[in-house]
Amino acid sequence: MPHIATRPGLLPGCSLNFAFAFVLRKACPTVVAGGWWRVVGVAVWLGLLLAVAPFATAQGVGAPPAPVDAGPSTAPLALLIGEQHDQPDHQRQAAALVSDLAAQGRLHALVLEMAQQGASTAGLPREASEAQVRAALQWDDFAWPWARYRELVLAAVRAGVPVWGANLPRSALKEAQADARWDAAIPAEAWSRLRDAVREGHCGLVPDELLGPLVRMQIARDRSLAQGMAQQLASSPPARITVLHAGAVHAARRTGVPLHLAELAPAFPVRTLAVGPDRSPADFDERRPAREDPQADHCAALRERGMPLPGRAGAASAAGAASAADRPPAVGAPRPAAGADGTQAAPAGGGSGDRPASAASSARP
């Protein structure tokens with residue numbers, strides 16, 4: 001067995017001390033002139049260095065840690081990164097991880113919650129302008145501020161890696177909330193957990209009888225994201241990584257995309273990573289701490305103006321309301337509420353509520 005595979009003790013170094021002492025006595029007269037105690041002392045230090053060096057190498061001392069441990073499998077890997085959308089450090093860390101994977105030649109594709117199905121940078125050159133990238137992804141800066149996700153998206157594009165949108169089209173949201181088939185699309189326990197997350201994300205202001213349509217939309221979004229991931233995994237070379245970047249509830253094992261990947265892409269290993277606040281180990285394989293910026297109290301704003309509910313302001317209003325599940329309640333000054341998919345709940349009564357509110361005023365998961 002190679003020595004590096006075992007933890008070396010001090011004995012190997014000590015066994016070399018006398019050999020070093022003999023060599024030093026012949027080769028280094030100045031050392032010998034100081035007496036045998038100096039010869040033995042130098043030999044001991046040299047022996048210790050040789051004994052510890054393999055251990056330091058085995059532990060990776062002095063080398064940067066690999067950003068993702070894909071394990072021994074050569075199958076393509078699905079890496080799900082869960083963020084809170086209103087925390088800039090979450091996007092910064094995700095961008096750094098994607099950049100590292102691309103630099104190592106391990107990144108196959110980047111799939112985003114922030115762009116809709118069918119949108120992609122595939123075919124764009126590495127040097128494409130930001131305007132070209134945004135146009136290819138049909139980027140909605142009103143819902144997803146480009147400034148927050150620019151670094152993440154361009155990390156893939158500049159490496160020649162395609163970026164794919166996978167979120168459910170806004171036009172399909174109203175249909176999803178009315179489709180009772182989504183109620184049985186995930187296990188009952190997962191459905192209850194997701195319902196609780198939606199309720200908490202809406203400050204307990206949504207009546208229980210109206211939570212169902214919001215949960216259905218969240219499940220429909222998860223399915224759409226999983227379909228996008230499954231398509232990329234199916235075309236991935238061995239040992240490459242396909243990254244999904246989405247809100248934390250979408251990325252969680254017990255409530256989100258992994259439930260659907262188990263059906264749509266069962267042959268591919270899935271790893272979940274949460275950036276930011278503590279999350280359950282049952283949902284995420286790894287959590288990376290992040291700087292958390294103070295956020296406004298969206299619950300105060302909702303109580304003041306009232307909760308937009310399904311059916312009052314169209315599909316976009318319901319979509320915004322459904323999306324608070326990914327975001328833990330924030331503290332600070334009031335601001336409009338945002339949801340689990342990162343869109344803001346539209347004002348009751350319609351009008352501009354047909355689309356998510358501006359980035360400047362919305363808090364996101």
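Which residues are linked with Asp 89 in a network of salt bridges? The network joins Asp 89, Arg 92, Arg 291 and Asp 293. A salt bridge is here a side-chain nitrogen of Lys or Arg within 4 Å of a carboxyl oxygen of Asp or Glu. Side chains of opposite charge can pair when their charged atoms come close.

The model is predicted: local features need pLDDT of at least 70 and side-chain atom pairs count only at pLDDT 80 or more, while totals for chains, interfaces and linings use all residues. Residues are numbered from 1 along each chain as its sequence is written, and side-chain values use heavy atoms, with hydrogens and water left out.

The structure holds 16 salt bridges. One of them lies within the network named above, where the side chains of Arg 291 and Asp 293 meet at 3.4 Å, N to O. Asp 293 has a relative accessible area of 25% and is therefore partly exposed; the term covers values between buried (under 20%) and exposed (over 50%), computed with a 1.4 Å probe on protein chains only.

Glu 286 takes part in two further pairings. Its side chain forms a salt bridge with that of Arg 271, at 3.1 Å from N to O. This pair links distant parts of the chain, 15 residues apart: Glu 286 belongs to strand S6 (residues 286-288) and Arg 271 to strand S5 (residues 270-275). Strands are DSSP runs of E with at least two residues, numbered from the N terminus. Glu 286 also forms a salt bridge with Arg 288, the closest N and O atoms being 2.7 Å apart.

Glu 286 counts as partly exposed because its relative accessibility is 22%. Arg 271 is partly exposed at 21%, and Arg 288 is partly exposed with a relative accessible area of 21%.

Terms used:
Helix = DSSP H or I, 4+ residues; strand = E, 2+ residues; numbered from the N terminus.
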